[in-house]
Amino acid sequence: MRLPDRARSLRITLWTLIVPPTVWAGHFLFCYLLAAIMCARGAIDLSFRAYGWLVVVVTMLSLALVVAAGLIALAQERIAGDPPPHDRGTQEARLRFLAKSTVLLSGLSFVAILFTALPVVFLQDCR
Amino acid sequence: METQASYAHAQDDPALRTAQEARLRAVWESPKGWFFRWTDCNNNTVGVWYTLTAFGFMLFAGVLALIMRAQLAVPDNDLVSASTFNQLFTLHGSMMMFLFAVPMFEAVSILLLPQLLGARDLPFPRLSAFGFWSFLIGGVFVSGSIFFDAAPDGGWFMYPPLTTDPTLSGIGADIWMLGLSFIEVSSVAAAVELIVGVLKCRPPGMRLNLMPLYAWYILVVAVMILFAFPPLIAGDILFEMERLLDWPFFDASRGGDPLLWQHLFWIFGHPEVYIVFLPSIALFAMIIPTFARRHLLGYPWIVLAAVGTGFLSFGLWVHHMFTTGLPNISLGFFSAASEAVAIPTGVQIFVFIATLWAGRVTWSTPLLYAVGALAIFVIGGLTGVMVAVAPFDWQAHDTYFVVAHLHYVLIGGTLLPLFGGLYYYWPLITGKKLSDRLGRIAFWLMFAGANVAFFPMHLSGLMGMPRRVFTYPAELGIGGLNMLSTIGAYLFAAGVLVLVVDLCRSPWRARAPRNPWAAGTIEWLALPEDENWGIRSIPLIEKRYPLWDQPDFMRKVDEGRYFLPDAEEGRRETIITTVLDARPIQVVRLGGPSVVPMVTAFFLGSVFILTTYHLYWWALAGSVLTLGAILYWLWTGTGEFPEKPEKPIGHGLSLPLYSSGPASPSWWAMFITMMADATAFASLIFGYFFYWTVHPDFPPADIIGPGVHWPMVALAILLGGWIATVAAQEVNARGGVVAARWLVAIGAVASLAGGAATLIGPWSTGMDPTAHVYPAIVWVIAIWTAAHAGVGLIMQLYGVACGIAGRITPDHDADLRNIALYQHFMAFTALVSLLTIGLFPEAS
């Protein structure tokens, strides 16, 4: 089976809709907790540089997840059937609406994850 | 289909329709009599009470603000004392947030949501009534305190350590904590009701892509309440433990940390801002298409905005704590998220502008409010972007600049949209339109007043006026700006007064026609001469704007040609559908008028109020009465076996009358409630690890912990109880009714023993919770776990009683499945809490 077809065969629900923002939440929580533990607990080493690579790795992983969710949803949106604005009472319209909303949320989550990672690049230090 | 044809034919008979209408009217009739009229629980009635009560609290809190503005009009004024002023601003903020903004969203949603979804009522009408009575009792308790000079005076966010010291702050802090905790209970109740309502009570055919956008917003906001309110409830528990029992959670001299309160408060407090903003913006999504005379553009973009804002709003809380000395890199994360949330917020505003641009606009009064509100909100949003930049915030923090920012946001984002919604939906509720002339006068007074009052505050803030001061010296040079603010505040109040006059004149006005704004969404099916049944027949939805786009829609609904046009068995009913595609799966029987919700709220209120005055034995008596009332409510009002398995709803469809497990609304209600409960629990665990991050050695080496033995014993027993209860569900499903009863009984014994073993751990090592924060947080987690085992025990005993009474069978096992669901969460709680208190000290 080709990759887009495989993506299309996946179920799409309210749970898949919130995958991208949930990845953002996980990434955000990771950054916050890492800073809280490394900078506050004991405060032995106030240079965050040593952990910067960890943030970069997790950011890359999170971005990859968000992009994957977005691409799957994009493939799911590109099926034959009712055109936008997806306001018919059909299975296709509902599917394509949820897929499109997931794509949009992936975009927002991508930007928000980048925003969160920027302080690590620019500050490199707890203080 | 032949059946469909014959059914449609049956509805052609006017005599049949009249008979159906008579039956529906009788079933949905409100109770009469000076007392019994208050036992009603129909959303039409309770929603109106709820809305009026919240509106009343808003007026009261507004008057408090006017007194403050009078005091600040001139320098060195002595109209009120500093102490009274503290009470005024605390109560003003607390009431506007807890007694107006959040309850108003719940009230409006309870009132409108069933109409928007073509449902006869929400799935748990008695829960709505219970929420309303809790809100009324708690609200009167909190707001009445100012007449006894006992109002809270620590600011609406009640920062310790000053507020946790009973010698520095009077009973007001307890009134705030306990009174508002009580109201938070009613908010969580409303969230459960609204989530299940949106997901399960939509009319057949209303797939997710056809849902009115208001419902999308309500879904997002209700889910936000589930995750935002519990941290505050957890914070309230710690706070009251410190005030009443001297457990030092926020006392730095004994290892506590006042910053923990700030974290817990703002994890609630920032999502809260969006919890009050999104439902108001949701009203725009209904008003704007009506007056632009076209479908809203970019439906998925609004969903993006609502869901995106819902998530991002949980990553902003520390921007209220930029000046507390947290690591700068942490501030950076929260600053980034605060800027990112401007994206979805901006998206929805552009969607509204684009819709107006693309449509043929009718300049009605509601639209005037909507557009004016957007203008004010955008100014507040822009200053929000400014204060989200940490270095700017260090300058502006705790000055009038912040006061200006938050009032622009809340007036533009909550208050004016609600007034627009009031003008828009008044005909739906009362059958009469409000005056356009008075509405416009009120609007311009309020619009001018808000700007004259709050714009100068930006300047006085930047010139150095701190918030919450009761007066200021003339030398500061801000007298003129303050006088201007005061004039603006009274101008605004004049606008509100005109609006109130308009409302009061409404009963003498002529009836408006049905659907007076020619709107396209189905709430406008409501008849001007109010019928209590909600909707004549539950329609099949095929479009987003059925009144515009589905031919003959209104006539078919009115003639009962859709689903469930009758109430043959004399019961209140509505249809349950699937989450994604709204396929009908069940007819659910709804609770009718009952005194039980009111009495339960009264008993529960007594527990909180008596605890405030340290009358613990009386409070205990109140708890027992509350428990009794809840058990009576469950036993008499839920889990009923229907007299037949299925009933026809028209068009050849026949739906079951009973369901259990994930198909049933009650299972979802339990699931959602337990999500909130798990969030509160997670907040307590956050507290434990928060102390670990701020102390170099935590748990402290010189304080003995609860040991490993007893926590592990407790964990084994509680997990055993969980397995027994889940096994009971499976055995029962396979026909082993008696064996299932014994398994539940074993689960009950395990809950009792496991709860006790949980407490024996810290007790056996003599941990003194007043000595240091470590024993205190261990005790709180242990008590939380034991209390949950206790609740599990009560449920299991109830399950055994149901079994003995023959109320649990293989086909009717909703109660058992809900008990098992609770046990899943119980097992999770036990696992996390007992591993944390038992093993973490070993690991570190």
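**Exercise 1. Surroundings of Tyr369(B)**

Which residues does Tyr369(B) touch, not counting residues up to four places away in sequence? Determine also where Tyr369(B) is placed and whether it is buried or exposed.

*Solution.* The model is a predicted one.

Step 1. Tyr369(B) belongs to helix α12 of chain B.

Step 2. With residues up to four places away in sequence set aside, Tyr369(B) touches Leu416(B), Phe419(B), Gly420(B), Tyr423(B) and Phe443(B).

Step 3. Burial requires 20 or more other C-beta atoms within 10 Å. Tyr369(B) has 29 other C-beta atoms within 10 Å and is therefore buried.

Step 4. Separation in sequence and separation in space are stated individually for a pair of residues: Tyr369(B) and Thr577(B) lie 208 residues apart in sequence, and their C-alpha atoms are 36 Å apart in space.

**Exercise 2. Packing of α12(B) and α15(B)**

Classify the relative orientation of helices α12 and α15 of chain B, and describe their contact.

*Solution.*

Step 1. Helix α12 (residues 365-387) and helix α15 (residues 436-462) of chain B pack at an angle of about 5°, and their axes are 10 Å apart.

Step 2. Angles under 35 degrees count as roughly parallel. It follows that α12(B) and α15(B) are roughly parallel to each other.

Step 3. On the side of α12(B), the contact is made by Thr365(B), Leu368(B), Tyr369(B), Gly372(B) and Ile376(B). On the side of α15(B), the contributors are Asp436(B), Gly439(B), Arg440(B), Phe443(B), Phe447(B) and Ala450(B).

Step 4. Sorted by class, this contact comprises six nonpolar, three polar and two charged residues. Tyr369(B) and Phe443(B), both part of the contact, also touch each other.

**Exercise 3. Helix α10(B) and the interface**

Check the length of α10(B), establish its burial, and place it in the contact between the chains.

*Solution.*

Step 1. At 1.5 Å a residue, the 13 residues of α10(B) should span 18 Å; the end C-alpha atoms are 18 Å apart, so the two values agree.

Step 2. Eleven of the 13 residues of α10(B) are buried, and the helix is thus mostly covered. Among them are Ile329(B), Leu331(B), Phe333(B) and Phe334(B).

Step 3. These buried residues pack against α3 (19-40) and α5 (91-123) of chain A, and also against α9, α11 and α13 (390-396) of chain B.

Step 4. Across the whole interface, 38 residues of chain B are in contact with 41 residues of chain A. On the chain B side, the elements giving two or more residues are α9 (299-312), α10 (328-340), α11 (342-358) and α21 (665-694). The residues of that side comprise 24 nonpolar, eight polar and six charged.

**Exercise 4. Overall dimensions of the chains**

Assess each chain against the globule rule, and report its secondary structure and burial.

*Solution.*

Step 1. Chain A has five helices and zero strands. A compact globule of 127 residues would have a radius of gyration near 14 Å, whereas chain A has 19 Å. The C-alpha atoms of chain A fill a box of roughly 60 × 30 × 20 Å along the principal axes.

Step 2. Chain B has 25 helices and four strands. Its radius of gyration is 28 Å, close to the 28 Å given by the globule rule for 844 residues, so chain B is as compact as a globular protein of that length. Its C-alpha atoms fill a box of roughly 80 × 75 × 50 Å along the principal axes.

Step 3. Buried residues make up 41% of chain A and 58% of chain B.

Technical notes
Residues numbered from 1 in each chain as written. Chains lettered and ligands numbered in written order. Predicted model: local features only at pLDDT ≥ 70, side-chain atom pairs only at ≥ 80, totals over all residues. Contact = placed C-beta atoms within 7 Å. Nonpolar A, V, L, I, M, F, W, Y, C, P; charged D, E, K, R; others polar. Rg over C-alpha atoms; globule rule 2.2 N^0.38 Å. Buried ≥ 20, exposed ≤ 12 C-beta atoms within 10 Å, placed from the backbone. Axes fitted to C-alpha atoms, helices over the stretch in contact; angles between N-to-C directions. Parallel < 35°, antiparallel > 145°, perpendicular 65-115°, else oblique. Expected span 1.5 Å × (residues − 1).
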